[in-house]
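Biologist: I would like to learn how to read a model like this one, feature by feature. Where do we start?

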Amino acid sequence: MALTLKSFISPVFTRHQSYHSTKLTLPYSVVPQVSLCRPPWPEVSYISPEEEQIQHAAVVEKVNSLIANEDFGRLFAVVHFASRQWKVTNEDLILIENHIEAECGDQIRMEKVLLVGGEQFTLIGRPLLGKELVRVEATVIEKTESWPKVHMRFWKRHRFQRKKIIVQPQTVLRINRIDIAPSLESY
């Protein structure tokens with residue numbers, strides 16, 4: 001005689017199980033649509049490459065018209081300079097924590113531009129925008145040193161004290177202008 005799982009289950013348990021396994025249907029508005037097998041956000045619909053080309057051309061045309069009419073408002077840019085990223089606009093002052101090769105009054109061009117934008121659009125580089133597309137110019141205003149910073153090391157109960165005074169070189173730059181190419185077609 002073969003033993004199965006059903007032979008060990010009592011009839012009372014099976015009646016209890018069948019009683020609770022009946023499906024209760026409620027109106028759709030009462031039951032929230034929750035599922036662990038489906039994400040809570042709506043499904044993403046992918047577009048065809050032809051449709052993507054059409055959308056891309058429309059966006060480029062709109063940005064070109066804004067640039068041609070100079071209807072972009074105040075431009076901003078994110079530049080990579082002195083191992084940091086700076087969000088700058090016209091007439092901004094930035095304080096850099098090291099000396100650069102230029103002298104006071106010299107104009108420099110920041111070539112590592114990560115993105116540039118206005119009120120209506122933003123151009124993002126992957127990772128950088130082309131040198132022909134964006135031009136960010138700055139002037140060296142001041143080359144100085146920081147206030148003395150005291151770095152003190154002390155071990156209690158060991159008679160150990162070390163004092164180091166740190167003076168960091170600093171350079172102040174003023175952003176003169178941010179220019180953008182008249183057309184995006186060739187970039």
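Modeller: With contacts, meaning heavy atoms within 4.5 Å. Leave out residues up to four places away in sequence, and Thr139 touches Gly105, Asp106, Gln107, Val172, Leu173, Arg174 and Asn176. This is a predicted model: local features need pLDDT of at least 70, side-chain atom pairs count only at pLDDT 80 or more, and totals for chains, interfaces and linings use all residues. Residues are numbered from 1 along each chain as its sequence is written, and side-chain values use heavy atoms, with hydrogens and water left out.

Biologist: Which strand holds Thr139, and is Thr139 buried or exposed?

Modeller: Strands (E, at least two residues) and helices (H or I, at least four) are DSSP runs, numbered from the N terminus. Thr139 sits in β7. Buried means under 20% relative accessible area, exposed over 50%, partly exposed in between (1.4 Å probe, protein chains only). Thr139 counts as buried because its relative accessibility is 14%.

Biologist: What does β7 pair with?

Modeller: Two strands pair if DSSP finds at least two bridges between them. Strand β4 (residues 107-110) and β7 (residues 134-145) do so in the antiparallel sense, over four bridges. One residue pair to look up: Arg109 has Glu137 of β7 as its bridge partner. β4 also has two faces: Ile108 and Met110 are on the covered one, Gln107 and Arg109 on the uncovered one.

Biologist: Arg174 was in the contact list of Thr139. Where does Arg174 lie, and which residues does Arg174 touch?

Modeller: Arg174 belongs to strand β10, residues 169-180. Beyond residues up to four places away, Arg174 touches Glu91, Asp92, Leu93, Glu137, Ala138, Thr139 and Ile141. Its side chain reaches the backbone oxygen of Glu91 at 3.5 Å. Arg174 is partly exposed, because its relative accessible area is 28%. For a sequence-distant check, take Gln107: 67 residues away along the chain, with 9.4 Å between the C-alpha atoms.

Biologist: How many aromatic pairs are there in the whole structure?

Modeller: Rings of Phe, Tyr and Trp (its six-membered ring) pair if their centres lie within 6.5 Å; planes under 30 degrees apart count as stacked, over 60 as edge-to-face and the rest as tilted. The search finds two pairs. Phe72 and Phe121 are edge-to-face, at 6.4 Å centre to centre and 90° between the planes. That pair links distant parts of the chain, 49 residues apart: Phe72 is in the loop between α3 and β1, Phe121 in the loop between β5 and β6. Phe72 is buried because its relative accessible area is 13%, and Phe121 is buried because its value is 6%. The other pair, Trp155 and Phe160, is stacked: 4.1 Å centre to centre, 25° between the planes. Trp155 counts as partly exposed because its relative accessibility is 44%, whereas Phe160 counts as buried at 14%.

Biologist: And which element has the lowest mean pLDDT?

Modeller: pLDDT is the predictor's confidence in each residue, from 0 to 100. Helix α1 (residues 5-8) has the lowest mean, 50, and strand β9 (residues 160-166) the highest, 97. Where pLDDT is low, the predicted coordinates should not be read in detail. Overall, the chain averages 85, and 78% of the residues score at least 70.

Biologist: How many helices and strands does the chain have?

Modeller: Three helices and ten strands. Along the sequence the pattern is α-α-α-β-β-β-β-β-β-β-β-β-β. Of the 187 residues, 26% are buried. Among contacts between residues at least 6 apart in sequence, 68% join residues at least 24 apart.

Definitions and conventions: Polar contact = N/O pair within 3.5 Å; in protein donor to acceptor, adjacent residues only side chain to side chain.
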